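Biologist: I am new to this structure and should be grateful for a close look at a single part of it. Please begin with the aromatic side chains and then set them beside the other nonpolar groups.

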Amino acid sequence: MDETSTGAAVACLGAAIWLLGGRPSGVRRARLLLAGGGAVATGPPVWEQTLGELRRLRGRLAAEWWAFAAGLLLALLGASVIPVVAGAAGVPVLRRMRLARQAGRERERHGDAVIGLCGVLAGEVRAGRQPGEALVRAARDSGGLGEAQAAVIAAARFGGDVPAALATAARQPGAEGLRGLAACWRVAVDQGAGLAAGLDRLEGALRAERDQRADLRAQLSGARATAVLLAALPGLGLLLGSAMGADPLRILLHSGAGLGCLVVGAAFECAGMWWVTWIVRKAEEA
C-alpha cells in the first residue's frame, strides 16, 4: 500500500511538472525586461494556465480514454489491477459509441443539406434558369451533394447522366433524398414535367420525415435518460459507501464475496444498458 501511495504521488508530481513546465514565465519576463526598457508583461495566473493545459489535454485525448483514466484512478485508490482492466476493456466500447454518434450527426447534416439543395434548386428553376445551370448553382450554394458534388456538377454542366450521378450521391449516409431528386429530374427533364413543383413536394416530404425523426427522438429521451441513470448508479453507490465509511473498494476488490457481487452487478449493469439501448434502437428503426 505504501508503494502504491508513493507511485501515485510520483505520478501526480510528474503530471504537475509536465503541465506547468511548458511555460518558462521567469525567462520570458526577463527577456521582456531587457527588450522593452523595464516594462514587464505579466501573463495570466498559474491556475488559468493550468486550466488551459487541461482543456488542451482533453481536446487531444478521445473521450473513450477517460474510461481508462478512471480505471487507473480506481486502481490506485483500491490497490487492485481490476479497475485498470475494466477501464481498458471499456475503451473500444466507448469508441464505438462515439463513432456511432458522429455517424448519426453526419447523416443529419447530409439530410439537412439535401433539403436545402431541393429548396435552392426550386428557386433557381423558378428564376428562369435551365435545369443544368440551376443544379450547378444550387449545389455550390447548399453543398447538399457531399463528396459526389464534383461528379454531379460535371454531369449537369456537360450533358451527362444527371440522374445516375444523383443516385450515386444518394449512397452517402443521410443523402437518400437525392434518389427522389433523381426521379424528379428524370421525369421533369426527359418528359417535360414541372421540375419546381416536384422539388417542392420532395422538399416537403423530406422536411416532414426529418420532423418525425426529431419528434421520435424527443419521445425517446426518457429511455435515454434511464440508460444514463443506469450507467451512473454504480458510481453513486460507491460514493455513498465511501461517505458512510464502508470502504466499498476494499470489499469489492479484495474479498471473495465482494468480487462475486462485482461480477454479478457488472453483468446486470451491462444487460440493463443493452436492453434499454436495444429498445431505443428498435423504436428508431421502426
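Modeller: W274 and W278 both belong to helix α13, residues 256-285 (helices are DSSP runs of H or I with at least four residues, strands runs of E with at least two, numbered from the N terminus), and they stand four residues apart, about one turn of the helix. The model is predicted, so local features need pLDDT of at least 70 and side-chain atom pairs count only at pLDDT 80 or more, while totals for chains, interfaces and linings use all residues. Residues are numbered from 1 along each chain as its sequence is written, and side-chain values use heavy atoms, with hydrogens and water left out.

W274 counts as exposed because its relative accessibility is 55% (buried is under 20%, exposed over 50%, partly exposed in between, with a 1.4 Å probe and protein chains only). W278, at 36%, is partly exposed.

The count of aromatic pairs comes to two (ring centres within 6.5 Å, using the six-membered ring of Trp; planes under 30 degrees apart are stacked, over 60 edge-to-face, the rest tilted). W65 and F68 are edge-to-face because their ring centres lie 6.5 Å apart with the planes at 80 degrees. Both residues lie in helix α4 (65-78), three residues apart, about one turn of the helix. W65 is partly exposed at 39% relative accessibility, and F68 is likewise partly exposed at 30%. W274 and W278 form a stacked pair, 6.4 Å from centre to centre and with 20 degrees between the planes.

A nonpolar surface patch is formed by L229, L233, L236 and L240, with about 380 Å² of accessible area together (Shrake-Rupley method, 1.4 Å probe, only the protein chains shown counting as cover). Patch members have over 30% relative accessible area and no salt bridge, a Lys or Arg side-chain nitrogen within 4 Å of an Asp or Glu carboxyl oxygen; nonpolar side chains are joined within 5 Å, like charges within 9 Å. L236 lies in helix α11 (221-243) and is partly exposed at 44%.

The largest nonpolar core (buried Ala, Val, Leu, Ile, Met, Phe, Trp, Tyr and Cys joined through side-chain atoms within 4.5 Å) has 35 residues, and L121, L178 and L181 have the most contacts inside it. Helix α5 gives the most to this core, seven residues. L121 touches A134, L135, A138, L181 and L199 (heavy atoms within 4.5 Å), leaving aside residues up to four places away in sequence.
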